[in-house]
2 protein chains.
Amino acid sequence: MTMLSLLSMRARIEAGSLTPAEAVALTRDAIAEHEPSIRAFVATDPDPHVPDTGPLSGIAVGIKDIIDTAHLPTQMGSSIYRDWQPRADAPIVARLKRLGAVPLAKTTTTAFAFIDPTETRNPRAPGRTPGGSSAGSAAAVAAGMLPLALGTQTGGSVIRPAAYCGVVGVKPSFRLLPTVGVKCFSWTLDTLGLFAASAADAAHALALIAGRPEIDQPATVPRIGLLIPDYCEAAEPEALEALDRARAIAEAAGAGIRAFTLPDEFRHAFDEHATIQDFESAQALAWEYETHRDSLPPLLRAHLDTSRTIEAAAYDAARRVAHHARRSLRDILRNSDLDVLLTVSAPGRAPEGYASTGDSRFNRLWTMMGVPCVTVPVPGEGPPLGVQVIARFGDDARALVAAKFLEKAFTDRP
Amino acid sequence: MTMLSLLSMRARIEAGSLTPAEAVALTRDAIAEHEPSIRAFVATDPDPHVPDTGPLSGIAVGIKDIIDTAHLPTQMGSSIYRDWQPRADAPIVARLKRLGAVPLAKTTTTAFAFIDPTETRNPRAPGRTPGGSSAGSAAAVAAGMLPLALGTQTGGSVIRPAAYCGVVGVKPSFRLLPTVGVKCFSWTLDTLGLFAASAADAAHALALIAGRPEIDQPATVPRIGLLIPDYCEAAEPEALEALDRARAIAEAAGAGIRAFTLPDEFRHAFDEHATIQDFESAQALAWEYETHRDSLPPLLRAHLDTSRTIEAAAYDAARRVAHHARRSLRDILRNSDLDVLLTVSAPGRAPEGYASTGDSRFNRLWTMMGVPCVTVPVPGEGPPLGVQVIARFGDDARALVAAKFLEKAFTDRP
């Protein structure tokens, strides 16, 4: 399977060798070929409107099925929302349309973006989960069915499936992209993100969608802090080897790299992610729980059974811990000589089987910190492994510049 | 018109002299009597389920019509959402139901909670606006049609209509109540609030809804900072007279009162409210603007025509100003000997006529600061005037305790 490059498609469209309609048709052909085995979609527009102009014209986009679309159902991965048709597009979808893109299909999501697995298969790792919750978006890009897809991350729902499926995933700074019209799980954590075939593609798309051209900059040589996480259970040897391989290649390409460690405070902050997420999710899904508990999938049902017992005082304390940790991280990075941190994207390769969507423990802290994260696939044999680039809050440009540098170094390596 | 007191109704229900069903029937009778002249409702449940138990059983609640309800349409005050029926209850509605309350009716709102007036009339000030955007909720409580109603405030949409209609309005700390399932205008400003007949009623309801019993405390004698606002155009003499009357009564009742002024920084912060609100509203309402511009009411349409031109850099700068001002206010209040600030709720009485919903300039700064605000009607002749109590972020209890103190002093005065 060859992935569809957004920048290549746009270059051909701008050169006049491909029309936007032909580009979308090409995407639809790829979907027809691969979807029967991958099952990344829950709905596809049979007769999409394809704008002739716009900086993303010809680009078909997959929309995670917790994001409202006026022209396609939005079913939240749950029978409770079977055939549910919102009135309006979420702002992120309206924005894509305004840029000329075609929100072609809704992609599978775990129910309400929690952890009960989907039917989606991992195009790069047969027999293994594609990850979650944004399973369909990651798999669709990995299978070459779409050049761009939207996901959301509350714990690790963008970076983890992207890493497992061998694509680039971007979780931007908190609220860089508006989550209005996106089904809420946790209002202080839910973050919209992108999946693309390359960091260059992702940077180009994010700059346009956010209306912030400065996000899309040429790669420069970054100063990197190498973070071997010790604030939670260690990563698997394969993930650490991939991180070391990435380090070696980046170093050979000229990057300045030094070890970086987080103060103990962040171990505590890491623990409190669950308090915040769980307290908020119990409120966010109150109607679903109160009126349709039996229709909830088992992991989410059990989660809400317990998370609704969290006390407001525990939540307030967790919010204070998070607030303090965000300020500490800002100060630490501001006072360092580092552009970005480099760490693992996930504990290892996608777990075998389909009973789990994998583990978000190397993503949750960063989601809570609100900082931009990008996962880039590391070259190697076997099922994909990614490394995660992390920059300061609001400095999405720097995260993507470093990701592009790594991507180029990985491609150019001898 | 006599207002319906939540605490009185609950006392009768707990004493067994009124059943929850009778309490709701009483409310429905009041609606039948007054609604034809007030026009506070857009939909009423013809056959409401009335729980027999729960700490708010028997309490019929008005729900501003930008808040999703599974059993009643949610029309956003706009023809674009005519007959729109959400699938789910917003968490705040699910919470009310869980407490035994009856979300009986949807109340009028200006379109998308902006400033194009509704058809609602002010029960206390014939010929004058009830204010907005939560017009129906304020008017319904003022007319004695409901003991409790929900509103939202992005600029001054709870405190202003409450003051104009002579009821108590509470805008709690930012995100004390989840805005999930509430149509978004500005995600960093939109705040859910309550309308009730008294501060005691409002405190009782807020403590239950938020699941924070500590919010409902007995009145104690507060230390008050008297704020004559100078960070924007001055209030009208009548409003300043009412503030001085409130001060005199509070002082006579034993409150410690001293003058309080805000540093110049807050003048700048005040100005930036619009930058944040307008930038976010252009995104939040992108679908409505792109696809239904001609169906938008004139003031909102003109607002979106201009607000969509705001640059991301201006927004980022405004967010930094707001962030800094929030920290400054926290430090100023923390280092003071004051429990609360006391200031005007609105520039004056409700403006005459129905062409405007009035002016939110004495509310916007506090919405942006995220701090709890309560308006309490000041005794006097003529159309209502309110004073506004403001406490530190997260200290909703203290704002309501002081409001209760004022309310009692106003009632007990010789």
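**Two chains, one sheet order: a walk through the model**

Let me start inside a strand pair. V374(B) has V389(B) as its bridge partner, and V389(B) lies in strand 11 of chain B. A second pair sits in this ladder: C373(B) is partnered by I390(B), again in strand 11 of chain B. Strand 10 and strand 11 of chain B run antiparallel and are joined by 5 bridges. Strand 11 covers residues 386-390. Before I go on, please keep in mind that this is a predicted model.

Stay with strand 10 of chain B, residues 373-377. Is this strand mostly covered or mostly open? Mostly covered: 4 of its 5 residues are buried. Strand 10 has another partner, strand 5 of chain B, residues 168-171. That pairing is antiparallel too, over 3 bridges. Within it, G169(B) stands opposite T375(B). One general reminder on strands. When a strand is regular, its side chains alternate between the two faces of the sheet.

Now zoom out to the whole sheet of chain B. Eleven strands form an open sheet, in the order 1-3-2-4-6-5-10-11-9-7-8. The pairing is mixed. Where are the edges? They are strand 1, residues 41-44, and strand 8, residues 256-259, of chain B; each pairs on one side only. From one strand to the next, the twist averages 25°.

Next, the helices of chain B. Take helix 8, residues 265-284. Its 20 residues reach 28 Å from the first C-alpha to the last, close to the 28 Å expected at 1.5 Å a residue. There is a bend, though. Helix 8 of chain B bends by about 30° at D271(B). And 14 of its 20 residues are buried, so helix 8 of chain B is largely enclosed by the rest of the structure.

Helix 11 of chain B is next, residues 312-334. How far should its 23 residues span? At 1.5 Å a residue, the answer is 33 Å, and the end C-alpha atoms are indeed 33 Å apart. Its buried residues are A312(B), Y315(B), A318(B), V321(B), A322(B), A325(B), S328(B), L329(B) and L333(B). What covers the buried residues of helix 11 of chain B? The cover includes helix 8, strand 9 (340-344) and helix 12 (364-369) of chain B. So helix 8 of chain B, itself largely enclosed, is part of the cover on helix 11.

Over to chain A. Its open sheet has 11 strands, in the order 1-3-2-4-6-5-10-11-9-7-8, with mixed pairing. The edges are strand 1 (41-44) and strand 8 (256-259) of chain A, and each pairs on one side only. The twist averages 25° from one strand to the next. Look at one pair here. Strand 2 of chain A, residues 60-64, runs parallel to strand 4 of chain A, residues 148-153, with 3 bridges between them. G62(A) stands opposite A149(A) in strand 4 of chain A. Then there is helix 7 of chain A, residues 237-252, which packs on the sheet. It touches strand 7 (223-226), strand 8, strand 9 (340-344) and strand 11 (386-390) of chain A. The direction of helix 7 makes about 145° with that of strand 9 of chain A.

Two residues of chain A deserve a stop. The first is A196(A), in strand 6, residues 191-196. Its relative accessible area is 0%, so A196(A) is buried. Beyond residues up to four places away in sequence, A196(A) touches V141(A), P147(A), L148(A), V167(A), V168(A), D201(A) and A202(A). M368(A) lies 172 residues from A196(A) in sequence, and 23 Å from it in space, C-alpha to C-alpha.

The second is H34(A), in helix 2 of chain A, residues 20-38. Buried or exposed? Buried: its relative accessibility is 14%, and the cut-off is under 20%. Leaving aside neighbours within four places in sequence, H34(A) is in contact with M1(A), A143(A) and M145(A).

Last, how the chains relate. A rotation of 180°, with 0.0 Å of shift along its axis, superposes chain A on chain B at an RMSD of 0.0 Å. The two copies are thus related as by a two-fold rotation axis. The same surface serves both: 100% of the contact residues of chain A recur in chain B. Which residue of chain A comes closest to the rotation axis? That is P86(A), with its C-alpha at 4.0 Å.

Methods: Residues numbered from 1 in each chain as written. Chains lettered and ligands numbered in written order. Predicted model: local features only at pLDDT ≥ 70, side-chain atom pairs only at ≥ 80, totals over all residues. Heavy atoms only, no water. Least-squares fit on C-alpha atoms with pLDDT ≥ 70 in both. Contact = heavy atoms within 4.5 Å. Expected span 1.5 Å × (residues − 1). Bend = angle between axes of the 7 residues up to and from the residue. Buried < 20%, exposed > 50% of the residue type's maximum accessible area, 1.4 Å probe, protein only. Pairing = 2+ DSSP bridges. Axes fitted to C-alpha atoms, helices over the stretch in contact; angles between N-to-C directions.
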